[in-house]
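Please look over the sequence and the structure shown here before reading on. The report that follows takes up a few parts in turn.

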Amino acid sequence: MPIALEGVSKVFPNGQIAVRDLTLEIGDGELLVLVGPSGCGKSTVLRLIAGLETPTSGRIVMDGRDMTSVPAHERDLAMVFQSYALYPHKSVADNLGFGLRMRGVERATIDQRVRAVAKALQIERLLPLKPAQLSGGQRQRVALGRAIVREPRAFLLDEPLSNLDPQLRFDTRTELAQLHRRLHATMIHVTHDQEEAMTLGDRIAVMRDGAAEQIAPPLEVYQRPANVFVATFVGSPKMNLFDVTATTGAGGALVLSGSGVFVDAPTRRIESGAPLLLGLRPRDITLVAPGQGDAVAQIDLIEPLGHEAVVHARIEGAGTEITLVAGVDQDLVPSTTIGLRFRREGIHLFRQDDGKRLS
Amino acid sequence: MIPGASTTIDTENRRLARRLLWPALGVIAAIVGFPLAWMLWESLHLDELRMPWLGRPFVGLANYRDAVADARFRAAIAHTLLFGGVSVTLELLIGFVLALVMHHAARGRTALRVIVLLPWAIPTAASALVWRFLFDSQAGLVNEILIAAHLLAVPKVWLVDPMLAWVPIIAADVWKTTPFVALLLLAGLQNIDQSLYDAARVDGASPWRELFEITLPLLRPAIVVALAFRALDAFRVFDLIYVLTGGGPGTATESISLYTFSALLQKLRFGYASALSVVVFAGTFMLGLIYIRLAARHLLTPER
Amino acid sequence: MKPRLLSVAAVLFVGAFAFPVYWTIASSFAPEARLFDVPPLLPTDGTLDHYRALLDPRQFWLPMRNSLIVSAATTALAICLGTPAAYALTRLTFRGRVPLLAGILAVSMLPQISLVPPLYLALRATHLINTYAGLVLPYLSFALPLSIWLLVGYFRQLPPEVEDAALVDGASRVQTLRYIVLPLAWPGIATAAIVTFLYCWNEFIFALSFTLGPERQTAPVAIALLRGRYQVPWGEILAAAVVITIPVVAVVVAFERRIVEGLTAGAMKG
């Protein structure tokens, strides 16, 4: 079921602006991830869609119908909460069946569907237990099951993985992706973890301060971030940013220089003299012999990660910090001088005044 | 921001809230609201039930002027303030020590809590009588002990002396209410992060230092709450004094509430008693406002 | 704190607070002649005379019955009216919510003496003086705000997310109240009921002002009015004090934890 937000804003009674004039469309069967730092409004957007908050202005449309005035219990959506919010006084079975019961579905049908979902999620033996007797991971599955059993028009997931251990989080993430494929259901997933967003979403919406900075498929967000915020939020380790200006170099070509960096301008549509930010992801930098690359730097610190190492270095002359990722086979030692080559296609340019991407 | 079409949900909420609230609010309005309004109105009239031939004329603020000029009323205010000041101070001090003891007690904490909660739960009338018994001049226990300890030669007649009559009253109130204060302070103590004390100990702070620099400042909200509750109750005191001394000897221990009661049901001066009631009400109201401002503001802020 | 000092202090406090209670109980069993002796009770000397006197001729079971009926009725009404009100005040957003909360808090701080003149006249006009209704209704003036206040303090502690989950799951507000909130709120409601009951049991000034005789007087008033022909009947008074306190002790001992939580939760950060 397609969901659309049209110019939705939410201002809380204390004056806090949680969502600013947001327009967003989620296609039928799409998994959209809302990602951003805490306080960016992503959970509020979810609650607005669920009907737990009412927008201060704007419309919420589902399947072509204006649902803005429809109360939460009539929207036929399912939500998985960060804290799971299971009914503490009910058994797992009753937790799963509660929604159906409230809609007047027959006992027999409820039992059948509950059992089917429990089997699919492998929580059958938990059915008679109460939430207090379950582990965190088990509760999470019950929360998921409660949503699935209702066969809702769409799923809303509010940081469902945030409370899990890293390993469990990884496994459950995969399961969620599989679930989405199997159910072909519209899903809106909220997280603060950019890696989770990148791996799960058909599209991701990067949010900050109540507005969406970019809404696009993960690859596009990674390769062509719309502004500096998106560029530094997505991708780990964080993108390097350098203050540069465009000058006309030898032979009439435009050259970007500043902060110890000196590269040919990748495009022609830059004004000479314009202050810019040059973005370079750590993985787009390769190690070469000093003098053979685009910059020379001295290693400050090496963080070995097993399969690769994150190298923090300082560009000679300017002292700018730069981070890169190198393979472990290169015996690197702090204080050595290295040469850095930048991948041409990996150079991002942003305007300094508003952080927006060039071209 | 222009409100969107979402008001239907809000209207539903409002309607439900109204349905849920009106029974309770209706009762309160009927039992409290109207009587208070009536009382305000009545206080502006002369209404002496013992002198019905005077009718019930409107006299404006005459009752209030009489009250200000009334020496017995002024004495009642002084008594109430004296009682409040002494009791609350003692209760805070002793309650604080008790709270500390309960906080650090490893075993028997429950037993301690139960025993300490009993005086609070016992009806005031009963406690008042018990303490009157203890201070009885004939052979009450207090006199017996003081005589045996050679602090007294002859049994003291506590309830006949205008100043000494306060001793059993304050003792009874302290006995009865310190537990409540202690429990409030204990809750506050338990909310203080233990790691602060650990850090202080590592820094080499003495126990007195810890007390003044960590405990007391962090306990301030709880102290304010306890202070406000007790001040409010002390201002309204009636049961205890009525049963213990009846306001006596004469009117030496009469509190404001007691005097109002006497004006009302003994002298049947309804107009005047209403004015006195308004004064008591105004006093508690102001104390209440102070309390809300100082301590309870967080209780009134909306969630989400 | 040093453990030994702690134990000594604890014992002193327990002694100080428990002693009057012990003394009262002990004295209530002491024969008339030995009432003022120290100590008044030797194991072999105990007597039930005073307690018997309470039954006959004092008929003290009458005021006890009245206290029970009035306290129970008031508590039941206060809880029934107060629970939905407290829910609305905590969970539903509407204009005027904060002033309303403040107003209810203010009402609970009213000096009861202020209500006596108008209520007296009103009760007299409706012929409710010296009746059960004539006590229950005035009692609600403090019991209802008190219940609401305690329940609000409790509802604030219930995680709102569980109710959100129920709403999204398809339960209307009313269904959520019935199937989710009330079952979860039982402990809080019970606590509010217990504390309210204790306050009603303890009430004095309304009972004193609005009743005329032992038929409808409550226990605290009855005990205050115990008079002897020639002297103060201390034995019976103390026995009455014990009797009046037994239900209170039972409740406190049984529900001590709840009571403490209820009282302090409402007062501290909610």
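## Contact between chains A and C

Two residues are in contact if their C-beta atoms, placed from the backbone, lie within 7 Å. On that footing, 17 residues of chain A are in contact with 14 residues of chain C. At least two residues of the side of chain A that touches chain C come from each of β6 (77-80) and α2 (92-102) of chain A, where helices (H or I, at least four residues) and strands (E, at least two) are DSSP runs numbered from the N terminus. By class, that side of chain A holds 12 nonpolar, 4 polar and 1 charged residues; Ala, Val, Leu, Ile, Met, Phe, Trp, Tyr, Cys and Pro count as nonpolar, Asp, Glu, Lys and Arg as charged, and the others, Gly among them, as polar.

## Model and numbering

This is a predicted model, in which local features need pLDDT of at least 70 and side-chain atom pairs count only at pLDDT 80 or more, while totals for chains, interfaces and linings use all residues. Residues are numbered from 1 along each chain as its sequence is written, and chains are lettered from A and ligands numbered from 1 in the order in which they are written.

The model scores ipTM 0.83 and pTM 0.82. For chain C the mean pLDDT (the predictor's confidence in each residue, from 0 to 100) is 83, and 90% of its residues reach 70 or more.

## A residue of chain B beside chain C

B:Val101 belongs to helix α3 (residues 71-104) of chain B. With 25 other C-beta atoms within 10 Å, B:Val101 is buried, a term that applies if 20 or more such atoms lie within 10 Å of a residue's own C-beta atom, all placed from the backbone. Leaving aside its neighbours within four places in sequence, B:Val101 is in contact with C:Leu6, C:Ala9, C:Ala10 and C:Phe13.

## A sheet in chain A

Chain A has an open sheet of 4 strands in the order β2-β1-β4-β5, with antiparallel pairing; strands pair if DSSP finds at least two bridges between them. At the edges stand β2 (17-26) and β5 (65-66) of chain A, each with a single partner strand, so one side of each is left without a neighbour in the sheet. Strand β1 (residues 3-11) of chain A pairs with β2(A) in the antiparallel sense over 6 bridges, and A:Ile17 in β2(A) is the bridge partner of A:Val11.

Definitions and conventions. Buried ≥ 20, exposed ≤ 12 C-beta atoms within 10 Å, placed from the backbone.
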